[in-house]
Amino acid sequence: MAETKAPGPGPLAGVRVVELAGIGPGPFAAMLLADLGADVVRVDRPGGPGLGIDPAYDVTNRNKRSVIVDLKAPDGAARVLDLAERADVLVEGYRPGVAERLGVGPGDCHARNPRLVYGRMTGWGQRGPLADRAGHDIAYIALTGALGMIGDPDRPPAVPANLLGDYAGGSLYLVVGVLAALHHARAGGTGQVVDAAIVDGAAHLSAMIHGMLAAGGWQDRRGANLLDGGCPYYGTYETADGRHMAVGALEPRFYAEFLRLLGVEDRAGARTDVTRWAELREQVAARFKSRTRDEWTAVFEGSDACVAPVLSLREAPHHPHLAARGTFTDHGGVTQPAPAPRFSATPAAVRTGPARPGADTDDVARDWDVPRLLSSPPNPQ
């Protein structure tokens, strides 16, 4: 049975979003809006984004529909503006000034649709000395101080994939901004531009740490603090089989439970004595090395010691808790995270697999009443 391409249920049902195709945080933000029920139309370029992944597996394009428009063609901008006129939100991730040069910048779009929320996703932002420079997640989090907090003190900072910058500091802040601006537009009738810069979001994520730093409760160096691996009862340890356990026994009663199950109850006084942390770390490490990860998982099962096995991407969906909640789902043969968060009255779902470039042109032209789309280039797939 063919998948339905109609917009589905969710708290954003009825919201129309135009996504100008890109890579990274823009598509992820648009996926989140689509997961929540918005009708997201992705405007793909002829030839695709050049990401090097089969479109059938690009989960960030699930729950969307796709049309192909060549924005460099004489009538390309007009087609996008037709969509923008009928949309509530537009999301783009070009370098500053590119959308304007293509004829689909905020001024062009707001001339057709003053209520439009125009979401801009960049690394450096729309203004500033680096605004026109290329960059990636690792550079953005490097400048904000976030990368420098992560990892062992005697080794280079650890790279947290592209989760911290692109998706936490970028996509999620763009979505928050878009939803806030959408609320404003519906209340007052006026759209606006949302400038979501990864450097801004990544810096904002460290608000608590900056407060602790100002209060003298955080040292401005790696591996010397309560939450950065400096504390022996908040970190990771290798097990006998080369795997790892994660420990987060911060509160006194959780710490006591942790020591009891680990078999080192005589170290209760080391919790607040920083001079004994190195010795405590060595003893904890030695204990964890004495058994396998699965053996230690069984030891801590059902306790409040705040200890968990470090699972791989392929292992995670099979964990009993995540399986019971349906945290991951299978769709079209691809295991992937289910939509989050959960809603009691308007549940979200994975309705369709990744949109194939150009596959939905006819449906979108009909549903959005944009007949000019039908003269777009044929689907190259």
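Which elements each supply at least two residues of the lining of the second largest pocket? They are H1, strand E2 (39–44), helix H3 (98–102), E5 and helix H5 (137–143). The points below set this in context.

1. Basis of the note. The model is predicted: local features need pLDDT of at least 70 and side-chain atom pairs count only at pLDDT 80 or more, whereas totals for chains, interfaces and linings use all residues. Residues are numbered from 1 along each chain as its sequence is written, and side-chain values use heavy atoms, with hydrogens and water left out.

2. Overall fold. The protein chain has 13 helices and 11 strands (DSSP runs numbered from the N terminus, helices being H or I with at least four residues and strands E with at least two). Its C-alpha trace spans about 75 × 50 × 40 Å along the principal axes. Of the 381 residues, 43% are buried (under 20% relative accessible area, against over 50% for exposed and in between for partly exposed; 1.4 Å probe, protein chains only). Among contacts (heavy atoms within 4.5 Å) between residues at least 6 apart in sequence, 66% join residues at least 24 apart.

3. Nonpolar cores. A nonpolar core is a set of buried Ala, Val, Leu, Ile, Met, Phe, Trp, Tyr and Cys residues joined through side-chain atoms within 4.5 Å. The largest has 28 residues, and those touching the most other members are Val17, Leu33, Ala38, Val40, Val89, Val117 and Leu174. Two or more residues come from each of helix H1 (25–35), strand E4 (89–92), strand E5 (117–122), helix H6 (163–188), strand E6 (192–197) and helix H7 (198–205). H6 gives the largest share, six residues. Apart from this core lies another, of 25 residues, including Val67, Ala84, Leu90 and Ala99.

4. Valine 40. Not counting residues up to four places away in sequence, valine 40 touches Val17, Glu19, Ala30, Leu33, Ala34, Lys64 and Arg65.

5. Largest pocket. On a 1 Å grid over the protein atoms alone, a pocket is an open set of points with protein on both sides within 12 Å along at least five of seven lines, a cavity is a set where a 1.4 Å probe fits but cannot get out, and lining residues have an atom within 4 Å of a point. Grid points are joined across faces, edges and corners, and a volume is the space filled by probe spheres set on the points. The largest pocket holds about 1100 Å³. Its lining has 35 residues, with Leu313, Phe328, Thr335, Gln336 and Pro337 nearest the centre. H1, H6 and strand E11 (334–337) give two or more residues to this lining, and H1 has the largest share, five residues. By class the lining comprises 22 nonpolar, eight polar and five charged residues (Ala, Val, Leu, Ile, Met, Phe, Trp, Tyr, Cys and Pro count as nonpolar, Asp, Glu, Lys and Arg as charged, and the others, Gly among them, as polar).

6. Second largest pocket. Its volume is about 800 Å³. Of its 36 lining residues, Gly22, Ile23, Gly93, Tyr94 and Arg95 are the closest to the centre. H1 again appears, with the largest share of this lining, three residues. The classes here are 18 nonpolar, 10 polar and eight charged.

7. Enclosed space. The whole structure contains one cavity of 30 Å³ or more, with a volume of about 40 Å³. Its lining consists of Glu19, Leu20, Ala21, Gly22, Gly26, Pro27, Val91, Glu92 and Gly93. Strand E1 (16–20), H1 and E4 each supply at least two of these residues.

8. Helix H9. In helix H9 (residues 252–262), the buried residues are Phe254, Tyr255, Phe258, Leu259, Leu261 and Leu262. Their cover includes strand E8 (244–248), H10, H11 and strand E9 (307–309). Glycine 263, just after H9, takes a positive phi of about 90°.

9. Serine 290. This residue is in the loop between helix H10 (277–288) and helix H11 (293–300). Serine 290 is partly exposed, with a relative accessible area of 42%. A polar atom of the serine 290 side chain lies 2.5 Å from the backbone oxygen of arginine 287.

10. Glycine 151. Glycine 151 is found in the loop between H5 and H6. Its C-alpha atom is separated by 9.6 Å from that of glycine 230, 79 residues apart along the chain. Leaving aside neighbours within four places in sequence, glycine 151 is in contact with Ala158, Arg222, Gly223 and Asp228.

Notes: A polar contact is a pair of N or O atoms within 3.5 Å; within protein, one must be able to donate a hydrogen and the other to accept it, and residues adjacent in sequence count only if both atoms are side-chain atoms.
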